[in-house]
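Reader: I have a model open and would like to go through the ligand site. Can we take it step by step?

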Amino acid sequence: MKGNLFVISGPSGAGKGTICKAFMKKHPEVYLSVSATTRKPREEDVEGVTYFFVSEEEFRARIARDEFLEHACYCGNYYGTPKDKAMEQLEAGRDVILEIESDGAMQVRSHFPEGVFIFVCPPSLEELEARLRGRGSETQEEISSRLEKAMSEFHRAKKYNYILMNDSVDAAVSRLEAIVTAEKCYMPRNIDFIDKEFLK
Ligand code: ADP
Ligand code: 5GP
């Protein structure tokens, strides 16, 4: 059985990275895709672990070589999902998570309608802003740009399969575990087994 592809999006500061990190600690059997980006590394970033940091020239060359499953420009920086690694993991039966913004998520949806699309939602707009400011990784100008961009993310929430409320990190991780488990049991993903094992 192939792995399932989970795409996690939501406004900047909603807690996508925090949830994925906590989830991965409990579920090392899942593969969290490492994106390429042209943005500058933050203090906590680790090359090859949080991102592959590349120049714009290199990013364009990778687009030309068709190396991305999807790519997008977000607040002035480019981000893309390396295709080969994610595909290889899915083929090997491993569940894969992409933590990407909504332009990229919609590109993935057009190639992979069978993917599972999850929108991470903060409890309120005030809390979103507080989390973004509290993270302290962006300038005032970048925070404003990300808050503005958050609105277009909310407008796309209805294009996702699940809304994942991030009130507390533990509760959000439990919800994500429930989604991953439910998707494993989803009939269309299991009907081949019934056919082959019992109806051959
Ligand atoms: P995103 O990846 O969606 O941009 P982050 O995971 O970086 O967001 O989270 C933004 C900030 O909010 C971080 O400082 C993080 O520690 C904090 N945070 C995340 N989830 C919660 C939560 N449930 N409650 C309080 N703070 C949170
Ligand atoms: P950050 O700069 O905060 O790490 O990421 C900014 C935004 O880019 C977040 O919404 C994050 O989910 C998204 N992102 C990260 N990697 C990718 C990617 O490979 N493709 C796309 N489309 N978005 C990404």
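Reader: Which ligand 2 atom does a polar side-chain atom of E70 lie 2.7 Å from?
Author: A nitrogen atom of ligand 2. Keep in mind that this is a predicted model.

Reader: And what does R42 do there, which kind of ligand 2 atom is on the other end?
Author: For R42, the partner is an oxygen atom of ligand 2, and a polar side-chain atom of R42 lies 2.7 Å from that oxygen. T81 has a contact too, but through its backbone: a polar backbone atom of T81 is 3.3 Å from an oxygen atom of ligand 2.

Reader: How much of ligand 2 does the protein bury?
Author: Taken alone, ligand 2 exposes 520 Å², and the protein buries 96% of that.

Reader: Where does ligand 2 sit?
Author: In the largest pocket.

Reader: How many residues surround ligand 2, and which are the closest?
Author: There are 16 residues around ligand 2, and the closest are S35, R39, R42, Y51 and Y79.

Reader: How do the shell residues divide into nonpolar, polar and charged?
Author: Five are nonpolar, four are polar and seven are charged.

Reader: Which strands each supply at least two residues of that shell?
Author: β5, residues 68-74, and β6, residues 77-82.

Reader: New topic, aromatics. How many aromatic pairs does the structure hold?
Author: Eight.

Reader: Which residues form one aromatic cluster?
Author: Y51, F53, Y74 and Y79. Y51 and Y79 also came up earlier, among the closest residues to ligand 2.

Terms used
Residues are numbered from 1 along each chain as its sequence is written. Chains are lettered from A and ligands numbered from 1 in the order in which they are written. This is a predicted model: local features need pLDDT of at least 70, side-chain atom pairs count only at pLDDT 80 or more; totals for chains, interfaces and linings use all residues. Side-chain values use heavy atoms; hydrogens and water are left out. A residue is near a molecule or strand if one of its heavy atoms lies within 4 Å of it. A polar contact is a pair of N or O atoms within 3.5 Å; within protein, one must be able to donate a hydrogen and the other to accept it, and residues adjacent in sequence count only if both atoms are side-chain atoms. Accessible areas come from the Shrake-Rupley method with a 1.4 Å probe; for residues, only the protein chains shown count as cover. On a 1 Å grid over the protein atoms alone, a cavity is a set of points where a 1.4 Å probe fits but cannot get out, and a pocket is an open set with protein on both sides within 12 Å along at least five of seven lines; lining residues have an atom within 4 Å of a point. A molecule sits in a cavity or pocket if more than half of its atoms lie within 2 Å of its grid points. Helices (H or I, at least four residues) and strands (E, at least two) are DSSP runs, numbered from the N terminus. Ala, Val, Leu, Ile, Met, Phe, Trp, Tyr, Cys and Pro count as nonpolar, Asp, Glu, Lys and Arg as charged, and the others, Gly among them, as polar. Rings of Phe, Tyr and Trp (its six-membered ring) pair if their centres lie within 6.5 Å; planes under 30 degrees apart count as stacked, over 60 as edge-to-face and the rest as tilted.
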